[in-house]
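Thank you all for coming. I would like to take a few minutes to walk through one model with you, and I will try to keep to what can be read from its atoms.

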Amino acid sequence: MNRSRQLALVLIVATLIAAMGSHWVASWLKVKTTAAQAFTVGKQNGNPPAFLAASSVGGYAISWELISTQLDMQIKVWGIAGGSPYEFEQFQKRVPEARTTFIVVSTYDLDEALICDFRAAIVPIGQTIETLRTIHSDRDYWKRTLKQYPMTWLRTLFPTLGRSRGIMGRLRENVVNLIKPSSHTSETLAGPTIKFGKGAADDEYMRQKVSDWSKSQIAGKLVATRVDFQGAHSFNGPKRLAFERMLQYTDKRGRTIVIVLPVSPAYSKEFMHPEAVQEFEYALTRLQQGAPRAEWLRLDQLPGLASDENFCDLVHMNIFGKQIATEALQTWLKQPAHQP
Amino acid sequence: MIFTSFEFVLFFAVVVGVRSCLRNFNVDKWFLLVASYVFYMSWSIPCGFLILGTSLTDYFVGVGLGRIENERKRKLLLVVSIVANLGVLAFFKYSNFFLANASASLNVLGFEVPRWHFDILLPAGISFFTFQSMTYTIETYRRNLKPCHNLRDFLLFVAFFPQLLAGPINRAVNLLPQFAQRVRATILEFESGLAQFAMGAIKKMVISDQISPHVDMIFAAPGNYDAVTLLEGVLGYAVQIYCDFSGYSDMAIGCARMMGFHFMENFQMPYSSLNITEFWRRWHISLSSWFRDYLYIPLGGSRKGTGRTYINLLATMLLCGLWHGASWNFVFWGGLHGTGLAIHRAWKQWDPLGTFKEHRFFQLAWNIFARLLTLSLVLVGWIFFREHSWTAAWQYLSRIATWSHDGTRFASPYILAALAAVILIHLMVPKDSNWSINFPKRPVFVRGLAYGALLFLIICFGATDATPFIYFQF
């Protein structure tokens with residue numbers, strides 16, 4: 001065999017080995033490779049279902065089973081790890097019969113510096129280019145957003161590509177579990193797991209409290225989160241535009257309930273500087289002005305909820321926080337002013 | 001365009017693909033020149049004109065040096081080239097440093113002056129391409145090199161994209177003749193270049209980029225951590241900077257070899273050095289040899305007595321420190337290494353251990369001690385190199401020296417794993433060989449398995465954020 005053919009063969013063998021290894025690691029470590037997972041909460045009872053636009057932050061914070069029972073309607077939701085209105089928007093039109101829409105957000109998932117790992121698999125490239133042009137995005141943001149598309153294509157062959165942090169988190173978790181089987185500390189390193197259905201509260205991970213963590217653990221999580229953020233924290237970009245469009249869409253069709261969730265004080269202290277808080281509030285004000293009929297519940301302003309006691313990691317609530325937040329939402333929904 | 005980005009992979013694939021279709025040698029070189037300028041201008045368009053300007057100056061100086069026989073005039077031409085290159089470097093890199101120090105000094109003397117500052121954008125790779133270009137005029141002046149009469153070849157020598165941003169600083173004597181020949185990579189060279197590129201990508205993406213957030217966190221607030229964590233931080237930085245810069249060099253050398261060009265090696269297991277002199281023969285070889293050949297030896301080297309040798313060593317390393325950045329931290333870092341080199345030289349001449357070194361056990365123990373001592377000096381140097389201010393560096397060092405217990409202890413599994421990997425590589429891989437050269441001669445199955453493993457590491461553990469290389473700031 002001549003050297004050119006030999007090299008071609010070597011490269012094919014190498015690619016195959018790497019691809020097989022990548023698929024094996026993805027399945028062994030249960031790395032999330034599907035962009036969105038559909039969930040239905042509650043039973044179909046003839047009433048039009050509600051559409052829920054929420055990332056794992058919303059899934060952890062509210063017991064949607066209870067809300068479904070209280071409102072007597074099924075809730076349809078697509079779980080997207082690290083999702084934001086920019087991705088939720090794509091699923092909104094899949095439930096045209098919905099007369100009630102819940103949009104659950106926080107400073108974490110509305111932050112434009114954080115781009116969902118699955119964005120390119122969900123949002124068509126044409127729409128992304130159009131959005132980037134509309135917001136006059138800078139070059140770095142263009143590059144960061146558009147490079148996700150070839151990455152998504154390559155992930156067919158190598159599902160672990162660009163997911164090193166999740167892999168290392170899972171790997172570490174597996175090793176720690178081997179040594180100490182009850183350990184459950186590195187969930188966010190591997191990326192949040194989305195829980196919308198029953199049994200979520202039984203998860204051992206959700207029982208831990210950030211307040212019990214050592215300073216070292218908090219420091220480690222903050223580093224991991226900082227890696228996800230690239231560029232300055234901002235709340236004025238594609239996510240806000242998509243949020244605006246979602247509100248306009250639901251405004252014509254029925255009731256919209258926007259729930260703003262808190263994040264842990266450890267997170268706020270590190271990432272939400274006064275200018276970022278101001279920009280976040282300004283973005284919410286503009287959204288409220290753009291859709292005056294939408295109903296807003298600011299759980300981030302609920303006294304006592306934003307405590308490290310109520311979070312199982314930097315942004316996800318634990319079962320204690322979930323109980324408080326769910327009760328607050330149930331009470332709010334019962335108020336005459338918020339009856340449909 | 002960073003070597004680890006999608007854009008670069010695409011750009012390089014296009015360059016290699018188009019070159020393979022070009023049959024005309026002249027067109028091929030024009031194409032490489034255009035590609036190199038496109039690569040550089042993707043960082044900054046105006047900076048493309050700067051590199052063109054400095055290249056033209058040195059080209060015409062070189063032509064002049066070839067024509068003129070009068071030694072005084074030749075020296076004058078060389079001075080023109082040095083002043084032009086160092087002037088550009090000084091303006092872009094050191095203006096604010098000099099201005100800040102001047103205003104601070106005047107304020108100390110009682111003159112109330114405001115803090116002067118220019119808004120200057122530091123052109124990427126300026127320290128590298130000016131030094132590379134200077135090797136041409138100096139060697140032409142010394143008559144070690146014939147002047148290049150082909151402007152295109154000379155422009156390509158300065159701007160050739162694999163080495164443009166952070167070296168290796170290739171000597172005109174080695175690289176320029178390669179542009180005069182019809183160069184095409186053999187399949188063996190291509191594979192060897194690809195293997196070296198992949199190894200560099202692993203160093204950068206799997207090790208350096210993964211630990212950098214952890215190292216950054218520790219260096220950002222050293223007062224918050226205990227001594228163990230601070231030690232972990234500086235060890236982490238030692239690993240990060242080595243993997244980042246040697247990774248870049250491997251990728252640059254690999255890219256060039258895939259196109260048939262040969263660059264000098266830049267790193268050879270520096271952390272396994274037995275003394276600081278050996279460290280500088282293994283760390284950033286192209287820069288250390290540049291300073292040796294164009295500064296230390298012209299200053300007199302070791303030919304003008306013991307005292308003068310130490311002064312020459314110190315002066316060379318102080319300037320080497322300043323080359324890295326416009327800050328007193330870098331000057332101190334250079335001074336520390338210069339002092340280390342001088343002390344090692346004195347120790348070697350004194351040789352107090354004499355025949356003790358012949359005992360096998362003593363030799364082993366001494367080698368371990370010498371390695372640790374060398375590494376300690378290098379680590380202390382890295383603290384000053386990495387910290388943004390003098391005060392922060394001292395705080396960092398004093399907290400380690402006093403073995404401070406107050407503060408958080410943060411054990412980063414990333415840093416510890418990377419440290420273990422680098423120690424293992426330094427122990428297992430022969431110090432003076434480049435595995436990628438001979439590896440393509442191994443059987444197909446072995447190569448397929450090895451490259452598959454390298455690709456697997458990048459795909460599973462590589463950071464894909466395309467973080468800029470540390471040495472781009474210099």
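I will begin with the interface between the two chains, then turn to a pair of helices, and end with the salt bridges.

Please keep in mind throughout that what you see is a predicted model. With that said, the interface of chain A and chain B involves 40 residues of chain A, which are in contact with 34 residues of chain B. Workers often express the size of an interface as the accessible area that is lost when the parts come together. Here chain A and chain B bury about 3200 Å² between them, and 71% of that area is on carbon and sulfur atoms.

As for the polar side of this interface, eight residue pairs are in polar contact between chain A and chain B, counting pairs with both residues at pLDDT 80 or more. Which parts of chain A supply the side that touches chain B? At least two residues each come from helix 1 (3-28), helix 7 (139-146), helix 8 (148-154), helix 9 (164-179) and helix 10 (215-228) of chain A. The largest share is that of helix 1 of chain A, with 15 residues. Sorted by class, the side of chain A that touches chain B has 21 nonpolar, eleven polar and eight charged residues.

Let me now move inside chain B, to helix 5 (residues 126-141) and helix 12 (residues 285-296), whose axes come within 12 Å and cross at roughly 35 degrees. The crossing of helix 5 of chain B with helix 12 of chain B is left-handed. On the helix 5 side the contact is made by Phe131(B), Met134(B), Thr135(B), Ile138(B) and Glu139(B), and these meet Leu287(B), Trp290(B), Phe291(B) and Tyr294(B) in helix 12. By class, that contact has seven nonpolar residues, one polar and one charged.

Finally, the salt bridges. Side chains of opposite charge can pair when their charged atoms come close. Two salt bridges are found across the interface of chain A and chain B, and Arg3(A) and Glu191(B) meet in a salt bridge at 4.0 Å, N to O.

Over all chains the count comes to 32 salt bridges. Within chain A, Lys209(A) forms a salt bridge with Glu309(A), with the closest N and O atoms 3.6 Å apart. Because Lys209(A) lies in the loop between helix 9 and helix 10 of chain A, and Glu309(A) in the loop between strand 6 (295-298) and helix 14 (319-334) of chain A, this pair ties together parts that are 100 residues apart in sequence.

Notes. Residues are numbered from 1 along each chain as its sequence is written. Chains are lettered from A and ligands numbered from 1 in the order in which they are written. This is a predicted model: local features need pLDDT of at least 70, side-chain atom pairs count only at pLDDT 80 or more; totals for chains, interfaces and linings use all residues. Side-chain values use heavy atoms; hydrogens and water are left out. Contact means heavy atoms within 4.5 Å. Buried area is the accessible area (1.4 Å probe) that two parts lose on being put together, summed over both. A salt bridge is a side-chain nitrogen of Lys or Arg within 4 Å of a carboxyl oxygen of Asp or Glu. A polar contact is a pair of N or O atoms within 3.5 Å; within protein, one must be able to donate a hydrogen and the other to accept it, and residues adjacent in sequence count only if both atoms are side-chain atoms. Helices (H or I, at least four residues) and strands (E, at least two) are DSSP runs, numbered from the N terminus. Ala, Val, Leu, Ile, Met, Phe, Trp, Tyr, Cys and Pro count as nonpolar, Asp, Glu, Lys and Arg as charged, and the others, Gly among them, as polar. Axes are lines fitted to C-alpha atoms, for helices over the stretch in contact, and angles run from 0 to 180 degrees between N-to-C directions. A crossing is left-handed if the near helix is turned anticlockwise from the far one by less than a right angle, and right-handed if clockwise.
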